[in-house]
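Visitor: I am new to this structure and would be grateful for a close look at a single part of it. Please begin from one residue and explain how its surroundings are arranged, and then how that part fits into the whole.

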Amino acid sequence: MGMPRKPSQAINLLHKDLDMQNIPFKQVSKELGEKWNQLSDEKKLDYTNRAKELNDEYLIKLHEWQLQMISVGKADLVSEKAKQKLFEKFNLKKTKKNTARKKNKKKLNKQ
C-alpha cells in the first residue's frame, strides 16, 4: 500500500472543471485566477467545501497508512512527528525494534 497523495486545493478543483487545454501554459494561472475571482461566494464555498472533504478523506487514509507501516515494521517511512502523534493518540508504546533502528541510524550518522 503506497502513501496516499495529497488532495487538490479549491482553485485546482476549479481548474479541473474548466476546459483550459487550448490556453498556453503561461496564461493558465492568470486566467484561472481571473475565473476564481469572478466566481460567486457560493460557488467558491462549494469548491472550498469539496476540497475540505477531500482533505479529510486524505487525513484518514494517511493515518491508516502510517499505522500500517508501523505495524509491519516499516516505521522508518513515517515521520517522527507523525509517530509521536500516533503514539499519543492511540496510547501505543514504542517497540524495542523501533528504538533499536533509531540508535543504529544515530550511529551511522555520527560516522
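**A residue and its surroundings**

Guide: Q66 is found in helix 3. The model in which we examine this residue is a predicted one. With a relative accessible area of 8%, Q66 is buried, because a residue counts as buried under 20%. Apart from neighbours within four places in sequence, the residues in contact with Q66 are V78, A82 and L86.

Two of these partners lead directly to helix 4, which comprises residues 80–90. The buried residues of this helix are A82, K83, L86 and F87. Around the axis they cover an arc of only 135°, which places them on the same side of helix 4. In general, an α-helix has 3.6 residues a turn, so residues three or four places apart point the same way. The other side of helix 4 carries the exposed residues K81, K85, E88 and K89.

K83 deserves separate attention, since a lysine appears here among the buried residues. Its relative accessibility is 9%, so K83 counts as buried. K83 also takes part in a salt bridge with E80, in which the closest N and O atoms are 3.0 Å apart. Both residues belong to helix 4 and stand three residues apart, about one turn of the helix. E80, at 42% relative accessibility, counts as partly exposed; this salt bridge therefore joins a partly exposed residue to a buried one. Just after helix 4, N91 takes a positive phi of about 50°.

We may now return to helix 3, which spans residues 41–71. Within this helix, K52 forms a salt bridge with D56, and the closest N and O atoms are 3.4 Å apart. The two residues are four places apart in helix 3, so about one helical turn separates K52 and D56. D56 counts as partly exposed, at 34% relative accessibility.

Another salt bridge of helix 3 reaches outside the helix. R50 pairs with D17, the closest N and O atoms being 3.6 Å apart. This pair links distant parts of the chain, with R50 in helix 3 and D17 in helix 1, 33 residues apart. R50 counts as partly exposed at 36% relative accessibility, and D17 likewise counts as partly exposed, at 43%. The structure holds three salt bridges, and those described here are E80 with K83, K52 with D56, and R50 with D17.

Helix 3 also meets helix 2. The structure holds one aromatic pair. It consists of W36 and Y47, whose ring centres are 6.3 Å apart and whose planes stand at 55°, so the pair is tilted. W36 lies in helix 2 and Y47 in helix 3, so the pair ties together parts that are 11 residues apart in sequence. Both members are buried: W36 has a relative accessible area of 16%, and Y47 has a relative accessibility of 11%.

W36 is one of the buried residues of helix 2, together with V28 and L32. Seen down the helix axis, these residues fall within an arc of 55°, so they line one face of helix 2. They pack against helix 1 (10–17) and helix 3. On the other side of helix 2, K26, K30, N37 and Q38 are exposed. The length of this helix can be checked as well: at 1.5 Å a residue, its 14 residues, 25–38, should span 20 Å, and the end C-alpha atoms are 21 Å apart, which agrees.

From the side of helix 1, H15 shows a further part of this arrangement. H15 is found in helix 1 and is partly exposed, with a relative accessible area of 33%. Setting aside neighbours within four places in sequence, H15 is in contact with M20, V28 and L32. The C-alpha atoms of H15 and V28 are separated by 8.9 Å, although the residues stand 13 apart along the chain.

These details belong to a protein with five helices and zero strands. Its pattern along the sequence reads α-α-α-α-α. Of its 111 residues, 23% count as buried, Q66 being one of the residues in that class. Among contacts with a separation of 6 or more, residues 24 or more positions apart account for 49%. The protein exposes about 9,200 Å², and carbon and sulfur atoms supply 51% of that area.

Definitions and conventions. Residues numbered from 1 in each chain as written. Predicted model: local features only at pLDDT ≥ 70, side-chain atom pairs only at ≥ 80, totals over all residues. Heavy atoms only, no water. Expected span 1.5 Å × (residues − 1). Buried < 20%, exposed > 50% of the residue type's maximum accessible area, 1.4 Å probe, protein only. Arc of directions from axis to C-beta. Contact = heavy atoms within 4.5 Å. Phe/Tyr/Trp six-rings, centres within 6.5 Å; stacked < 30°, edge-to-face > 60°. Areas by Shrake-Rupley, 256 points an atom, 1.4 Å probe, with all protein chains shown as cover. Salt bridge = Lys/Arg side-chain N within 4 Å of Asp/Glu carboxyl O.
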